[in-house]
Amino acid sequence: MLLDVKDLHKTYQTADGPFAVLRGIDLQLAAGETLALTGESGSGKSTLLHLIGGLDTVDRGAILIEGQDIAKADDTARAALRRGTVGVVFQQFNLIPSLTVADNIAFQARLAGRHDPAWTDALTDRLGLTEQRGKYPEQLSGGQQQRVAIARTLAPRPKLVLADEPTGNLDEDTASKVMDLMLDLVAETGAGLLMVTHSQALAGRLGRRLHLRSGLLA
Ligand code: ADP
Ligand code: MG
């Protein structure tokens with residue numbers, strides 16, 4: 001199994017006391033599978049994605065990625081997973097302002113020692129970014145920035161792609177096209193995709209759908 005989440009718990013300490021946002025999450029995803037995660041705003045979707053992506057620490061439970069429990073991994077092992085095995089597309093793009101589009105796209109793949117120029121060029125072309133290669137993020141539209149973020153994430157060919165409302169900032173038409181591309185590209189790499197969305201239409205295009213409510217999945 002590519003991803004196996006077992007009895008995952010996460011509580012935030014807030015000014016009003018502890019807030020249990022995840023209260024026993026179980027979730028499995030095989031390579032090549034696509035899964036939509038829906039839920040009200042504030043239900044914990046981003047929290048779950050961040051935990052699976054090794055960006056935050058769990059309180060209880062296991063997150064096995066190809067059998068390795070990242071909840072128990074040290075910082076070095078988690079960083080290695082983030083660079084190569086797991087790719088995250090953030091809602092806010094998180095592009096590097098001082099790097100060109102081409103360098104943003106290649107950045108993580110280079111860090112991971114997995115830079116494949118032919119694949120990077122193909123991604124750039126398919127995502128319609130070839131003419132933007134020499135530009136900087138601030139010179140791009142929101143839709144273009146989102147496509148750079150997707151290309152950057154796919155460049156190292158991660159086995160698990162996590163996407164947090166990857167088309168949330170785009171109009172419906174553009175969102176639909178970007179989704180098509182992302183699904184095609186993920187399918188070509190054979191990766192598993194876990195995507196947060198609150199669009200029922202987009203969720204319906206993925207293989208499975210789970211809904212997060214009151215800290216539990218259904
Ligand atoms: P979603 O992505 O589904 O909108 P989030 O995972 O971002 O939900 O947040 C779930 C809940 O946890 C929200 O009520 C949010 O305010 C709270 N929360 C998120 N991050 C933190 C944090 N670092 N500290 C305290 N509370 C947080
Ligand atoms: Mg969120």
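Colleague: How much space lies in the largest cavity?

Modeller: About 40 Å³. Bear in mind that this is a predicted model.

Colleague: What makes that space a cavity rather than a pocket?

Modeller: A 1.4 Å probe fits there but cannot get out, so the space counts as a cavity; a pocket would be an open set. The search of the whole structure finds two cavities of 30 Å³ or more, and about 30 Å³ of space lies in the second largest.

Colleague: Which residues line the largest cavity?

Modeller: Leu 51, Gly 54, Asp 56, Thr 57, Val 58, Ile 63, Ile 70, Ala 71 and Arg 78. By class, that lining has five nonpolar, two polar and two charged residues.

Colleague: Why does Gly count as polar here?

Modeller: Just the sorting rule: Gly is not on the nonpolar or charged lists, so it goes with the others, as polar.

Colleague: And what lines the second largest cavity?

Modeller: Among them are Ile 52, Gly 53, Leu 81, Arg 82 and Val 86. Helix α2 (residues 75-85) gives the largest share of that lining, three residues.

Colleague: On to Arg 133. Why is Arg 133 called partly exposed?

Modeller: Its relative accessible area is 36%. Buried means under 20% and exposed over 50%, so Arg 133 falls in between and is partly exposed.

Colleague: Where does Arg 133 lie, and what does it touch?

Modeller: Arg 133 sits in the loop between α4 (117-126) and α5 (142-154). Leaving out residues up to four places away in sequence, Arg 133 touches Thr 100, Val 101, Ala 102, Asp 121 and Thr 124.

Colleague: What makes those contacts?

Modeller: Contact means heavy atoms within 4.5 Å, so each of those residues has a heavy atom within that distance of Arg 133.

Definitions and conventions. Residues numbered from 1 in each chain as written. Chains lettered and ligands numbered in written order. Predicted model: local features only at pLDDT ≥ 70, side-chain atom pairs only at ≥ 80, totals over all residues. Heavy atoms only, no water. Helix = DSSP H or I, 4+ residues; strand = E, 2+ residues; numbered from the N terminus. Buried < 20%, exposed > 50% of the residue type's maximum accessible area, 1.4 Å probe, protein only. 1 Å grid on protein atoms, 1.4 Å probe; cavity = no way out; pocket = protein on both sides within 12 Å on 5 of 7 lines; lining within 4 Å. Points joined across faces, edges and corners; volume = space filled by probe spheres on them.
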